[in-house]
Amino acid sequence: MREGRRLAGRYAVIWSAPGGAPGGARLGVVAAKRVFRRAVDRNRAKRLLREAFRLNRNALRRDVDVVLLARAAILEAGRAAVERDLLALAARARLLADGKEPELR
RNA sequence: CCGACGGGGCGAUCGGUCGCCCCGGUGACGCUUGCGUCGCCGGGGAGGAAAGUCCGGACUCCGCAGGGCGGGACGCUCCCGGAACCGUUUCGGCGGGACCGGGGGGCCCCUUUGCCAGAUCGAAGGGGACGGAAAGUGCCACAGAAAACAUACCGCCCGCCUUCGCGCCCGGGUUGGGCGCGGCAGGCCCCGGAAAACGGGGACGUGUCGCGUCAGAGCGGUGCGCCGAAGACGGGCAAGGGUGAAAAGGUGGUGUAAGAGACCACCGGACGGCGCCGCAAGGCGCGUCGCACGGCAAACCCCGUCCGGAGCAAGACCAAAUAGGGAACUGGAGGCAGCCCGCCUCAUUUCCGCGGCGCGCAAGCGCGGCGGGAGCAGUUCCGGGUAGGUCGCGUCAGAUGAAUGACCGACCUCCGCUUUGCGCGGAGGGACAGAAUCCGGCUUAUGACCUCCGUCGGUCAA
RNA sequence: GGGCGAUUAGCUCAGCUGGCUAGAGCACUACCUUGACAUGGUAGGGGUCACAGGUUCAAGUCCUGUAUCGCCCA
């Protein structure tokens with residue numbers, strides 16, 4: 001991951017590196033204690049990122065590993081907004097599976 | 001009835017789909033043959049505070065025969081209930097128990113109010129970390145005379161002394177004054193006279209002088225004074241003054257030089273005296289005391305009860321590499337020979353013991369040999385221990401970076417539109433907040449709803 | 001997870017066994033010194049003692065709770 005690519009979005013920062021598993025891309029989530037002081041906020045941030053990743057896992061390339069770092073603004077966002085942010089980031093990082101274009105608006 | 005605030009309870013509905021963590025079962029695949037990945041079935045999956053870490057306990061290690069010092073925590077009394085846990089047990093129970101809740105009682109403080117007033121008391125409401133201030137030590141700033149074995153600043157009173165004033169008495173009686181008498185002079189009136197000259201008389205009391213008498217200030221007095229003032233000294237008193245958070249009972253009287261519980265009445269108070277009531281904390285009565293002995297112990301401290309220390313990052317087990325420790329065994333290198341025994345050459349730190357050879361008169365020195373120990377080197381083994389791992393943490397959550405989410409529907413709440421209903425649209429299902437060994441307590445944070453309680457406001461009725 | 005400590009002026013710190021006006025240095029302001037500046041001198045301003053409650057006649061100090069910051073232990 002130290003050599004991986006990094007891109008920042010509104011609600012998250014994404015790292016990516018070659019890897020992957022038979023089931024598809026693997027995920028790691030990070031919520032820093034400096035950013036989210038309360039444990040309930042850290043859990044909320046990680047759950048939002050995890051859900052957004054799960055719902056869009058098939059849209060991503062299968063041969064990469066991904067780490068998502070939550071940013072402070074994510075607490076104000078809903079699930080759909082986090083999903084859109086994640087897909088936009090994946091597109092910029094060239095992480096989308098071949099032949100599939102995100103439906104960005 | 002409504003609203004606000006405080007306190008308490010509760011912190012939450014049903015169904016479906018897709019995912020996550022753990023356990024049990026099962027199947028497929030992969031290979032380092034016991035794990036990994038994926039799937040299916042069944043079960044379980046955050047809180048009242050999981051939080052703060054303020055306490056108590058279980059548990060673990062250290063220590064351990066027992067106790068003390070030091071340090072710390074708690075503190076009215078009685079009853080009932082709950083309680084993690086501990087001890088004991090005949091497994092029914094019994095005893096203890098940090099702490100929590102409820103009720104009754106006592107004591108103290110504050111506010112309001114009622115007593116003529118005051119000390120103080122009663123009532124109502126509220127509050128109390130509520131053992132001891134008569135074991136000891138310490139502190140009580142400023143102000144005030146005095147702040148804790150009370151004191152005497154101002155003040156009140158008495159005595160004495162000094163000075164002064166006032167009054168009285170006495171002495172002295174200047175100038176002057178009043179009264180009386182007298183002399184002289186002057187004016188006025190009357191008579192004589194021509195006359196305003198002169199003479200006589202009269203009244204007046206104008207001036208002056210003398211005598212007598214009366215009063216008499218200033219001044220003086222070792223004088224007197226139920227007079228007064230000031231000051232010094234000696235003594236009595238503690239009522240009044242004012243300061244302060246706090247000043248040694250209150251009111252009225254008697255009394256006194258002045259006063260004071262000095263004495264008296266009533267009220268209040270104290271008692272480590274007695275009696276009675278109450279399980280007790282305490283209360284009441286009697287008696288005694290004219291009534292000195294304040295506050296602070298969330299100051300040191302004393303009394304009673306309790307506590308050994310550290311903490312799951314405790315601790316237990318498995319255990320690589322490297323370095324170091326211990327034990328046992330072996331003793332280097334080369335050549336000859338090669339089945340074994342063996343033989344030759346070179347090298348070999350130090351100590352002890354034994355005997356041998358050589359030199360030397362001797363002490364001793366040198367040479368090589370045997371045995372033992374240490375060191376060194378090698379091999380093997382052992383233990384400690386680091387990285388790492390497993391357990392601790394199994395009990396209906398069980399993680400070594402930590403799992404509970406998303407969507408749909410029902411239902412509910414609120415807002416808007418609509419004449420109501422029906423219906424439509426929108427928002428929301430809410431706050432505080434996420435287990436990390438477990439349990440109990442405390443504290444703090446909290447939306448909606450509920451209603452038990454309290455305070456305040458509004459409206460309605462009586 | 002567990003065990004501890006601190007908070008006083010803009011900054012760094014004192015403040016004893018509760019009491020007198022909460023002080024010191026740097027910084028800031030004004031004036032003096034200089035042609036001007038630095039330095040120096042004089043004077044001055046600036047404090048919810050982190051917050052809340054309690055004990056006490058009286059709290060920065062004592063007690064309790066809260067908040068924030070920091071340290072240590074595998």
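**Notebook: RNA contacts and the enclosed cavity**

I looked first for the element that dominates the RNA-facing surface: helix α1 (residues 39–55) gives the largest share of the surface near RNA strand B, with eight residues. I note that the model is a predicted one.

I then listed the residues around RNA strand B and found Arg38, Ala39, Val40, Asn43, Arg44, Arg47, Arg50, Glu51, Arg54 and Arg79. Of the atoms of RNA strand B that come within 4 Å of the protein, 72% belong to sugar and phosphate. Sorted by class, the surface near RNA strand B comprises seven charged residues, two nonpolar and one polar.

Next I looked up individual side-chain contacts to the strand. For arginine 44, an N or O atom of the side chain is 2.9 Å from a phosphate oxygen of RNA strand B. For arginine 47, I recorded 2.9 Å between a polar side-chain atom and a phosphate oxygen of the strand. I also checked asparagine 43, where a side-chain N or O atom is 3.4 Å from a base nitrogen of RNA strand B.

I turned to enclosed space. How many cavities of 30 Å³ or more does the structure hold? I found one, and the largest cavity contains about 40 Å³ of space. Its lining consists of Tyr11, Ala12, Leu49, Ala52, Leu68, Val82, Asp85 and Leu86. Two elements, α1 and α2 (79–92), each give two or more residues to this lining; α2 gives the most, with three. By class, I counted seven nonpolar lining residues, one charged and no polar.

Definitions and conventions
Residues are numbered from 1 along each chain as its sequence is written. Chains are lettered from A and ligands numbered from 1 in the order in which they are written. This is a predicted model: local features need pLDDT of at least 70, side-chain atom pairs count only at pLDDT 80 or more; totals for chains, interfaces and linings use all residues. Side-chain values use heavy atoms; hydrogens and water are left out. A residue is near a molecule or strand if one of its heavy atoms lies within 4 Å of it. A polar contact is a pair of N or O atoms within 3.5 Å; within protein, one must be able to donate a hydrogen and the other to accept it, and residues adjacent in sequence count only if both atoms are side-chain atoms. Helices (H or I, at least four residues) and strands (E, at least two) are DSSP runs, numbered from the N terminus. Ala, Val, Leu, Ile, Met, Phe, Trp, Tyr, Cys and Pro count as nonpolar, Asp, Glu, Lys and Arg as charged, and the others, Gly among them, as polar. On a 1 Å grid over the protein atoms alone, a cavity is a set of points where a 1.4 Å probe fits but cannot get out, and a pocket is an open set with protein on both sides within 12 Å along at least five of seven lines; lining residues have an atom within 4 Å of a point. Grid points are joined across faces, edges and corners, and a volume is the space filled by probe spheres set on the points.
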